[in-house]
Amino acid sequence: MRKAVIFFLLTLSCFGAMGESKIWRKGYTFLNLLEDYHIPLKLYYNLSAEDKELTAEIYAGVQYQILRNKNGQLIQALIPIGEDVQIHIYKQGINYFLIFTPIKYFQKSHTLALEVQNSPHQDIFEQSKDLGLANEFLNTYKSSINFKREVIKGDKLAILYERKYRFGEAFGIPNIQATLMQTNKTPNYLIAYNDRYYNLLGKEVAGFLLQMPLSQVYITSRFSQARKHPVLKKVIRPHFGIDLRARVGTTVRSAGSGKVVSAGNKGGYGKAIEISHEGGLRTLYAHLSSIDKKIKVGSYVKQGQIIGKSGNTGISSGPHLHFGLYKNNRPLNPLGSIKTTRSELKGKDKATYLVYAQKQKALLDDELEKLTSNNTSATTQGKLNKSEPLKDFNPSENR
Ligand SMILES: [Zn+2]
């Protein structure tokens, strides 16, 4: 065992070039991957229903790593699902194994401040070379600023954000912690607090308003992120959604208005529908028995519109609806996000927030100040360390 681990590490350090980075193609499935690398399909079929669900979580566009020996045989693969956990396939002797391991990344704080020349989106992208950041910035102001009408050349903005890096590359979506958009000398602050955005007074400004997909809600399995078991040091499998009890044939409705991005078979999720909503949100409805005729990729749905009927496809643990919510491919707990009105912080929570918000405000003001005094159009801080070692490939820590 030990020897095998050391061997992997040696292979990596001596012949690092044998590891390749690939992009998960649209429509590509976990079974396709096994077929392409001549890995016995039982590696998939022997998985539990929950683990089959997880293999269906791999999303198009994600970067994954393949390590092959000199005969071209796959000896390791690391495939992220979400931002925190990955599928780790490895070969030992003649057999293949699959485990779930935490994704190792390092996180860095960044600041960006600039004076608008073209549009916030274009200028942020040009300064940071980070399209994710430009998109996320627009998302956060979606419900408070009309960029086309209200923002003109010379307006200023500042962003405090965190970025994850994996294998020396930016990974996932930037996490905006505080941001300031100054339009016509009027400052608009947004401060992130418990995954939502508030103004300086503690009123929620951006936020999503979703409804439950079933009229009667009884949760049989809750949402969980991947965690490391404190004693066994093993990864506890995440459950990226909630399971709702539903007899086969129960009406399923869209949790929000949006555009259908997939409708059909989705591996371990069986018959499933995915709908994208504003603000980088996406909902998933899985194990359906049927999909409504009107639901086609590219079609628009209204909140509450019937999209299909619940069922038991793709798994064997009894009929239910699996309901998932993602923000920029990051799984969120749908329960924390089902809301009908924007919230306002209250009591002790509000007091804590107000102190925190003032600190964030001071940092943002500082950035704008620097921008003016430097008389340059932009400042960026935080450099990415390209030489970060490929720690991710060390499987020993997960045993
Ligand atoms: Zn589920």
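These points describe a predicted model of a protein chain, going from the whole chain to one helix and one sheet.

1. As a starting point for reading the predicted model, the protein chain has 9 helices and 24 strands, and of its 399 residues, 33% count as buried.

2. Contacts can be sorted by how far apart the two residues lie along the sequence. Among the contacts in the protein chain with a separation of 6 or more, 64% are between residues 24 or more positions apart.

3. Helix α9 covers residues 347-374, 28 residues in total, and from its first C-alpha to its last it reaches 41 Å, which is close to the 40 Å expected at 1.5 Å a residue.

4. Within α9, the residues Ala357, Gln360, Leu364 and Glu367 are buried, and what covers the buried residues of this helix includes four strands, namely β6 (106-115), β7 (156-166), β8 (169-183) and β9 (186-193).

5. Turning to the strands, there is an open sheet of 5 strands, arranged in the order β1-β2-β3-β4-β5 and paired in antiparallel fashion. Its edge strands are β1 (19-23) and β5 (95-102), each of which pairs on one side only, and from one strand to the next the twist averages 20°. In general, the strands of a sheet pair through backbone hydrogen bonds, and the pairing may be either parallel or antiparallel.

6. One pair in this sheet can be followed residue by residue: strand β2 (residues 63-68) and strand β3 (residues 74-81) run antiparallel and are joined by 4 bridges. When tracing this pair in the structure, the reader can look for Ile66, which stands opposite Ala77 in β3.

Terms used
Residues are numbered from 1 along each chain as its sequence is written. This is a predicted model: local features need pLDDT of at least 70, side-chain atom pairs count only at pLDDT 80 or more; totals for chains, interfaces and linings use all residues. Helices (H or I, at least four residues) and strands (E, at least two) are DSSP runs, numbered from the N terminus. The expected span of a helix is 1.5 Å times one less than its number of residues. A residue is buried if 20 or more other C-beta atoms lie within 10 Å of its own, exposed if 12 or fewer, and partly exposed in between; C-beta atoms are placed from the backbone. Two residues are in contact if their C-beta atoms, placed from the backbone, lie within 7 Å. Two strands pair if DSSP finds at least two bridges between them. Axes are lines fitted to C-alpha atoms, for helices over the stretch in contact, and angles run from 0 to 180 degrees between N-to-C directions.
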